[in-house]
Amino acid sequence: MGELTKGEQKLIPLLKSARFLIVDPTSSRKSLRSLMSDFSVKPDQIEVVENVPDAMHVIEGRTPNVFFVEYTIGSQACFDMIRIQSERLEPGSLRAVFLITTQDSNSMVTSAATENVDAIIVKPFSFGMLKDRFCEILFQKLAPTPYVQALDKGRLLLKEEQFDEALAVFRQARTLDPKPSLALALEAETFQARKDHEEALKCYEEALKHNPSHFRSLLGSFDSYLALGKNDEAYVSARTLAQHHTIPAKRIPDMIRVSINTQHFEDLVGFYQTAGDLSSMDESIASHLGAGLVICGLHFLKRSNKDSAIDAFRKAEVASKQNPRILMRILQALVSAGLEAEMKSFMSRVPEEIRNSPDVQMAEIELLKKTGQNLRALEQSLRLIQQGIKVEKLYEIAITVSIELKRKDSLIEDLIFKAGNAFPDKKPYYESLHVKSTPPT
Amino acid sequence: MPMNQWIKAKDFLKTTFEISVKNVTTHTSVAASTVIDLIEVNENGLVLKLPKSAGALGHLLMIRIVRKKEQQTKNSTDFTFDFTGKVIAMDALEATASAVSLQFYQFNENDWKNFLKESAERQNSVNALIKKVQE
């Protein structure tokens with residue numbers, strides 16, 4: 001495609017024995033092949049595949065040193081392949097990962113950067129841009145500075161769980177850079193691996209003195225504080241992280257959790273509002289947000305702030321896109337609080353298949369009982385039993401309500417018989433319900 | 001960013017390209033539903049992934065590229081680039097698609113320079129973000 005500069009030519013002998021894999025389900029392979037050809041990489045050094053199973057087959061066999069992967073293959077698949085490549089390569093051997101994508105959102109880039117992607121090639125790219133990035137990364141890998149060399153050595157020792165040796169190397173590395181935040185963060189990670197979070201935090205603190213917004217140190221100190229149960233401190237670290245960086249998608253559930261643990265429920269409302277502006281959001285994040293908003297609602301209920309609770313539940317319903325698990329939690333909360341009108345309104349919104357599910361019908365029966373509507377509770381319980389629904393609590397309610405309504409003993413005994421057949425180990429309990437309620441003669 | 005937010009809408013801002021293609025030589029249009037991909041750019045042209053039926057060597061193609069910023073709720077900054085290009089190379093990618101190299105025939109040089117500049121800036125900002133996270 002073009003001539004190489006003298007500097008670029010230095011890469012040729014270094015790449016002679018490297019293995020390359022291009023996972024390209026769409027279109028970039030032509031440009032990548034031209035790039036390889038410029039660096040005299042032989043065709044038998046390059047594998048080109050179009051899908052994940054074929055890529056996995058190559059990675060598990062002739063694990064590539066240099067890996068180009070198109071993001072359209074799926075983020076999880078990309079990150080899994082990168083992890084396996086890293087695990088399978090011989091320690092100390094060349095490893096470089098290039099992710100090719102049209103997507104350039106900060107969220108995607110940050111997530112990729114935390115998954116050991118070395119470079120992202122943004123489409124459409126110019127061949128010059130592709131070559132420059134390729135050379136830059138490869139030179140970093142093949143001719144590292146003494147600081148990077150020391151960090152790589154320490155990482156390897158850490159991976160092999162030689163903690164004392166890793167610590168010594170990272171401490172030595174500190175002296176090789178005027179702002180050794182990364183060396184300190186890796187030292188901290190070694191302490192974390194030993195579950196010595198107090199020492200880890202000291203290293204992170206030192207790293208943050210050199211760079212107060214150091215990504216790895218803020219995220220690491222968040223983890224150590226959480227491990228020590230220091231939620232307030234973890235919250236402060238996470239807040240600083242969010243102020244300076246994009247939170248990687250897979251860590252967002254942790255942020256939701258720490259907001260809940262520290263009772264910063266307004267965070268979840270703010271999260272919900274921002275999420276509402278986005279056309280799409282990762283399903284697991286949406287589900288965590290929904291669950292967090294339910295907890296938020298429960299908190300408001302505890303404080304008798306009914307309106308805020310209902311608002312939080314409504315938001316949870318929307319955020320989780322009516323995830324059945326979230327809907328059930330909301331329903332249980334409304335039942336426990338005896339909020340009948342709100343439950344009816346909620347029930348009118350939920351999809352029919354969820355409304356007719358045994359779990360939801362059970363929740364309705366519990367609410368009827370709780371609000372003194374025993375006859376209706378009994379009718380619905382008997383209907384479900386007749387339908388063959390087997391739930392321990394259903395029989396318990398049917399029996400106790402029957403007793404309270406003073407139904408004939410023979411009918412109650414028939415219910416106890418059926419309950420005993422459905423749950424043999426609970427038979428004595430069901431029998432005790434009737435005995436206990438029999439007035440003394 | 002308000003203090004109580006873990007995520008910012010701008011973090012989810014991503015760039016998309018809508019590309020429409022008409023073959024001027026054969027007077028046929030490439031179906032809008034076809035997956036067209038903008039792969040590579042250079043000073044005098046670009047490389048697109050197109051269906052094999054989109055054209056042949058020497059054909060003239062009229063292309064419209066609309067660059068959009070998805071997830072942007074306000075002040076959308078769409079950018080449109082129209083040009084006519086000559087097919088100078090076709091490389092088979094798969095059974096039904098080719099990487100088609102086009103050389104500009106009629107185009108606005110300034111618009112294209114801006115497009116190239118913006119592509120380079122996108123790459124640079126991604127490089128900077130990776131460095132910030134990994135350093």
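This passage describes the contact between chains A and B, the aromatic pairs and some backbone details of a predicted model.

A good place to start is the contact between the two chains. Chain A contributes 62 residues to this contact, and chain B contributes 41 residues. Together the chains bury about 4700 Å² between them, with carbon and sulfur atoms giving 57% of that area. On the chain A side, Lys30(A), Pro124(A) and Arg239(A) supply 13% of the area that chain A buries against chain B, more than any other three residues.

Two of these residues come up again in this passage. Lys30(A) takes part in a salt bridge with Asp91(B), where the side chains meet at 3.6 Å from N to O. The count of salt bridges between chain A and chain B is 3. Polar contacts between the chains come to 23 residue pairs, with both residues at pLDDT 80 or more. The elements of chain A that give two or more residues to the side touching chain B are the helices α3 (29–38), α6 (106–114), α7 (127–142), α13 (231–244), α14 (252–261) and α15 (265–277), along with strand β5 (119–122). Of the side of chain A that touches chain B, the largest share comes from α15(A), with 7 residues. Sorted by class, this side of chain A holds 27 nonpolar, 24 polar and 11 charged residues.

Pro124(A) also deserves a look at the backbone. The peptide bond that joins Lys123(A) and Pro124(A) is cis, with omega at about 0 degrees. Pro124(A) lies in the loop between β5 and α7 of chain A, and both of these elements are among those that give two or more residues to the side touching chain B.

Turning to the aromatic residues, the count over all chains is 18 aromatic pairs. One of them is the tilted pair of Phe98(A) and Phe134(A), with 5.8 Å from centre to centre and 35 degrees between the planes. This pair links distant parts of the chain, since the two residues are 36 residues apart, with Phe98(A) in strand β4 (residues 96–101) and Phe134(A) in helix α7 of chain A. Both Phe98(A) and Phe134(A) are buried.

In chain B, the rings of Trp112(B) and Phe115(B) have their centres 5.0 Å apart and their planes at 10 degrees; the pair is therefore stacked, because planes under 30 degrees apart count as such. Trp112(B) and Phe115(B) are separated by about one helical turn, because they are 3 residues apart in helix α1 (residues 109–134) of chain B. Trp112(B) has a relative accessible area of 1% and so is buried, and Phe115(B) counts as buried at 2%. Both belong to one aromatic cluster, which is formed by Phe17(B), Phe79(B), Phe81(B), Phe83(B), Phe104(B), Phe107(B), Trp112(B) and Phe115(B).

Back in chain A, two further residues are worth a glance for their backbone angles. Glu161(A) has a positive phi, near 60 degrees, in a residue other than glycine. Its place is the loop between α8 (146–159) and α9 (163–174) of chain A, and at 58% relative accessibility Glu161(A) counts as exposed. Lys406(A), not a glycine either, has a positive phi of about 55 degrees. Lys406(A) sits in the loop between α23 (392–404) and α24 (409–422) of chain A. With a relative accessibility of 73%, Lys406(A) is exposed as well.

Notes: Residues are numbered from 1 along each chain as its sequence is written. Chains are lettered from A and ligands numbered from 1 in the order in which they are written. This is a predicted model: local features need pLDDT of at least 70, side-chain atom pairs count only at pLDDT 80 or more; totals for chains, interfaces and linings use all residues. Side-chain values use heavy atoms; hydrogens and water are left out. Contact means heavy atoms within 4.5 Å. Buried area is the accessible area (1.4 Å probe) that two parts lose on being put together, summed over both. A salt bridge is a side-chain nitrogen of Lys or Arg within 4 Å of a carboxyl oxygen of Asp or Glu. A polar contact is a pair of N or O atoms within 3.5 Å; within protein, one must be able to donate a hydrogen and the other to accept it, and residues adjacent in sequence count only if both atoms are side-chain atoms. Helices (H or I, at least four residues) and strands (E, at least two) are DSSP runs, numbered from the N terminus. Ala, Val, Leu, Ile, Met, Phe, Trp, Tyr, Cys and Pro count as nonpolar, Asp, Glu, Lys and Arg as charged, and the others, Gly among them, as polar. Rings of Phe, Tyr and Trp (its six-membered ring) pair if their centres lie within 6.5 Å; planes under 30 degrees apart count as stacked, over 60 as edge-to-face and the rest as tilted. Buried means under 20% relative accessible area, exposed over 50%, partly exposed in between (1.4 Å probe, protein chains only).
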